[in-house]
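Which features of a chain's overall build and of its charged side chains can be read from a single set of coordinates? The report below takes up that request.

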Amino acid sequence: MISAQAKLVYHLNKYYGEKCQSRKGAISKTIREVCKVVSDVLKEVEVQEPRFISSLSEMDNRFEGLEVTSPTEFEVVLYLNQMGVFNFVDDGSLPGCAVLKLSDGRKRSMSLWVEFITASGYLSARKIRSRFQTLVAQAVDKCSYRDVVKMVSDTSEVRLRIRDRYVVQITPAFKCTGIWPRSASHWPLPHIPWPGPNRVAEVKAEGFNLLSKECYSLNGKQSSAESDAWVLQFAEAENRLLLGGCRKKCLSVLKTLRDRHLELPGQPLNNYHMKSLVSYECEKHPRESDWDESCLGDRLNGILLQLISCLQCRRCPHYFLPTLDLFQGKPHSALENAAKQTWRLAREILTNPKSLEKL
């Protein structure tokens, strides 16, 4: 007689081998198609303005700086050069954001980005993005894929719609390594043994990115100081945390379930919510043995129940910046609907693991 736990793990592994792998294959194919177009557009941008050098490159079958939001939505981070003459300031006044201020004694003329520095000495994320948006609009008209790509209007973000099927956001950014933001200084929590000192050192060495994008924590009431601010992003650090055990497999199953069953009106849930909840589950279950392959079913159930709780409370804290709510601005009705759907899904998987064949 196989135990209920072993039965669930068996069906989850089958689900991973079939549904998750086919999802991965399809997304990889889409990424190649999308990156061809984006690379071509960025090449045109670089011709017009050499300061925006394309950093989109393929390494070990993955594209540096590309994040998958959903199977049809992607974000490409474009790394800019020469942040050197600015100081990084995150004093907590703008949750999830920071500013870049001209260092004392440095002249504006020493910066590569001189015309984007405000009167009070801040490098404006909004001004850089606005310039970049103009360049991308011109590049779209000139590039060799102009028949299949167009700019998405009605946003200050740089978004491309490709073949009327995919949307790619291109976000100018600075990479910050060797420093760790003050707003994340509480991490790791002192009473939790995970992830251990060596992994913590690796994660902090990965650093973070400063993105030029609309900051959802500011929710539409942006003052000029806020629109000059940069959004903190920890993609590489988060990926580093999920190494080892069945963590990545668990995330892959969650993303596949989301794509197939939780792509709902109002878009309450994306891959990033799933990634954040896996990190929280790692804190709740800090031992490596908790992430053994045989525990996959328990971890998945734990995360789905936590997701339902977050949806019902209408709050999902960012892992490194817990004062930031990842559900900010999401319609309440969409979150309630997602809670009901997730509950149906969790109950189905728990009471009848064989149902994964149909999910």
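What follows describes the chain as a whole and then turns to its salt bridges.

**The chain as a whole**

The model is predicted, and its chain contains 9 helices and 11 strands. The radius of gyration is 21 Å, close to the 21 Å that the globule rule gives for 359 residues, so the chain is as compact as a globular protein of that length. The C-alpha trace spans about 75 × 50 × 40 Å along its principal axes. Of the 359 residues, 51% count as buried, and the chain exposes about 16800 Å², of which carbon and sulfur atoms supply 51%. Where contacts join residues at least 6 apart in sequence, 69% of them are between residues at least 24 apart. The chain carries 51 positive and 41 negative charges, and the mean positions of these two sets lie 2 Å apart.

**Salt bridges**

Side chains of opposite charge can pair when their charged atoms come close. Across the whole structure, a search finds 26 salt bridges, and three of the pairs are set out here with their N to O distances.

| Pair | N to O distance |
|---|---|
| E202 and R199 | 3.3 Å |
| K249 and E293 | 2.9 Å |
| E357 and K354 | 3.2 Å |

The bridge between K249 and E293, whose closest N and O atoms are 2.9 Å apart, links distant parts of the chain, since K249 belongs to helix 6 (residues 247–261) while E293 sits in the loop between helix 7 (271–284) and helix 8 (296–313), 44 residues apart. The partners also differ in burial class: K249 has a relative accessible area of 16% and is therefore buried, the cut-off being under 20%, whereas E293, with 36%, is partly exposed.

In the pair formed by E202 and R199, the two residues are 3 apart in helix 3 (residues 197–206), which means that about one helical turn separates them. E202 counts as partly exposed at 33% relative accessibility, and R199 likewise counts as partly exposed, at 23%.

The side chains of E357 and K354 also meet in a salt bridge; E357 is partly exposed, with a relative accessible area of 38%, and K354 is partly exposed as well, with 47%.

Beyond these pairs, R23, R258, D259 and E263 are linked in a network of salt bridges.

Methods: Residues numbered from 1 in each chain as written. Predicted model: local features only at pLDDT ≥ 70, side-chain atom pairs only at ≥ 80, totals over all residues. Heavy atoms only, no water. Salt bridge = Lys/Arg side-chain N within 4 Å of Asp/Glu carboxyl O. Helix = DSSP H or I, 4+ residues; strand = E, 2+ residues; numbered from the N terminus. Buried < 20%, exposed > 50% of the residue type's maximum accessible area, 1.4 Å probe, protein only. Rg over C-alpha atoms; globule rule 2.2 N^0.38 Å. Contact = heavy atoms within 4.5 Å. Areas by Shrake-Rupley, 256 points an atom, 1.4 Å probe, with all protein chains shown as cover. Lys, Arg positive; Asp, Glu negative; His and termini not counted. Charge placed at Lys NZ, Arg CZ, Asp CG, Glu CD.
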